[in-house]
Amino acid sequence: MSAQKSPAELKSIFEKYAAKEGDPNQLSKEELKQLIQTEFPSLLKGPSSLDDLFQELDKNRDGEVSFEEFQVLVKKIAQ
Ligand SMILES: [Ca+2]
Ligand SMILES: [Ca+2]
């Protein structure tokens, strides 16, 4: 499994990637892709594709993932 990360580390990872384009407090699909591919590549080895993961995380369907929505991913990582 991927290395364990503390909540503070996860927040700083989120902020680092969310700030790349558009709203600095939201992850676009491209930003999410970069975050997962770089930090958590093991998440893409299972049956779920990046598209599936993005759909799952973007609960309010606004096309971006907020830090609150990102918590679902944090729980997956912790499993
Ligand atoms: Ca962004
Ligand atoms: Ca959203």
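Is Asp-23 buried or exposed, judged by its C-beta neighbours inside 10 Å? Asp-23 has 12 such neighbours and so counts as exposed. The legends below describe close-up views of a predicted model.

**View 1. Asp-23 in the loop between helix 1 and strand 1.** The loop that holds Asp-23 joins helix 1 to strand 1. Asp-23 counts as exposed because its C-beta neighbours inside 10 Å number 12, and a residue with 12 or fewer is classed as exposed. Glu-64 is 41 residues away from Asp-23 along the chain, yet their C-alpha atoms are separated by 9.0 Å.

**View 2. Lys-20 in the loop between helix 1 and strand 1 (26-27).** Lys-20 is partly exposed, since 13 other C-beta atoms lie within 10 Å. Between the C-alpha atoms of Lys-20 and Gln-34 there is a separation of 10.0 Å, and these two residues are 14 residues apart along the chain.

**View 3. Helix 1 and helix 2 where they cross.** The two axes come within 9 Å and cross at roughly 135 degrees. Helix 1 and helix 2 are therefore oblique to each other, as angles over 145 degrees would be needed for roughly antiparallel. Helix 1 passes helix 2 in a right-handed crossing. On the helix 1 side, the residues that meet helix 2 are Ile-13, Tyr-17 and Ala-18. On the helix 2 side, they are Glu-31, Gln-34, Leu-35 and Glu-39.

**View 4. The largest nonpolar core, with 12 residues.** Four of its members are phenylalanine or tyrosine: Phe-14, Tyr-17, Phe-54 and Phe-70. The leucines are Leu-27, Leu-32, Leu-35, Leu-53 and Leu-73, and the list is completed by Ala-18, Ile-36 and Val-65. Two or more core residues come from each of helix 1 (7-18), helix 2 (29-39), helix 3 (50-57) and helix 4 (67-78). In soluble globular proteins, nonpolar side chains tend to be buried together. Leaving aside residues up to four places away in sequence, Phe-54 touches Lys-29 and Leu-32.

**View 5. Glu-56 in helix 3.** Glu-56 counts as partly exposed because it has 14 C-beta neighbours inside 10 Å. From Glu-56 to Gln-34 the distance is 17 Å, C-alpha to C-alpha, and the two are 22 residues apart in sequence.

**View 6. Arg-61 in the loop between helix 3 and strand 2 (65-66).** Arg-61 has a phi near 55 degrees, which is a positive value in a residue other than glycine. Most residues other than glycine have a negative phi. Arg-61 counts as exposed, because its C-beta neighbours inside 10 Å number 7.

**View 7. Residues 45-79, the stretch that UniProt lists as "domain: EF-hand".** The annotation comes from an unreviewed UniProt entry. Over residues 45-79 the chain is 57% helix and 6% strand. The C-alpha atoms at the two ends of this stretch are 15 Å apart.

Terms used. Residues are numbered from 1 along each chain as its sequence is written. Chains are lettered from A and ligands numbered from 1 in the order in which they are written. This is a predicted model: local features need pLDDT of at least 70, side-chain atom pairs count only at pLDDT 80 or more; totals for chains, interfaces and linings use all residues. UniProt positions are given in the numbering used here, feature names are shortened, and annotations may be inferred rather than shown by experiment. Helices (H or I, at least four residues) and strands (E, at least two) are DSSP runs, numbered from the N terminus. A nonpolar core is a set of buried Ala, Val, Leu, Ile, Met, Phe, Trp, Tyr and Cys residues joined through C-beta atoms within 7 Å. A residue is buried if 20 or more other C-beta atoms lie within 10 Å of its own, exposed if 12 or fewer, and partly exposed in between; C-beta atoms are placed from the backbone. Two residues are in contact if their C-beta atoms, placed from the backbone, lie within 7 Å. Axes are lines fitted to C-alpha atoms, for helices over the stretch in contact, and angles run from 0 to 180 degrees between N-to-C directions. Angles under 35 degrees count as roughly parallel, over 145 as roughly antiparallel, 65 to 115 as roughly perpendicular and the rest as oblique. A crossing is left-handed if the near helix is turned anticlockwise from the far one by less than a right angle, and right-handed if clockwise.
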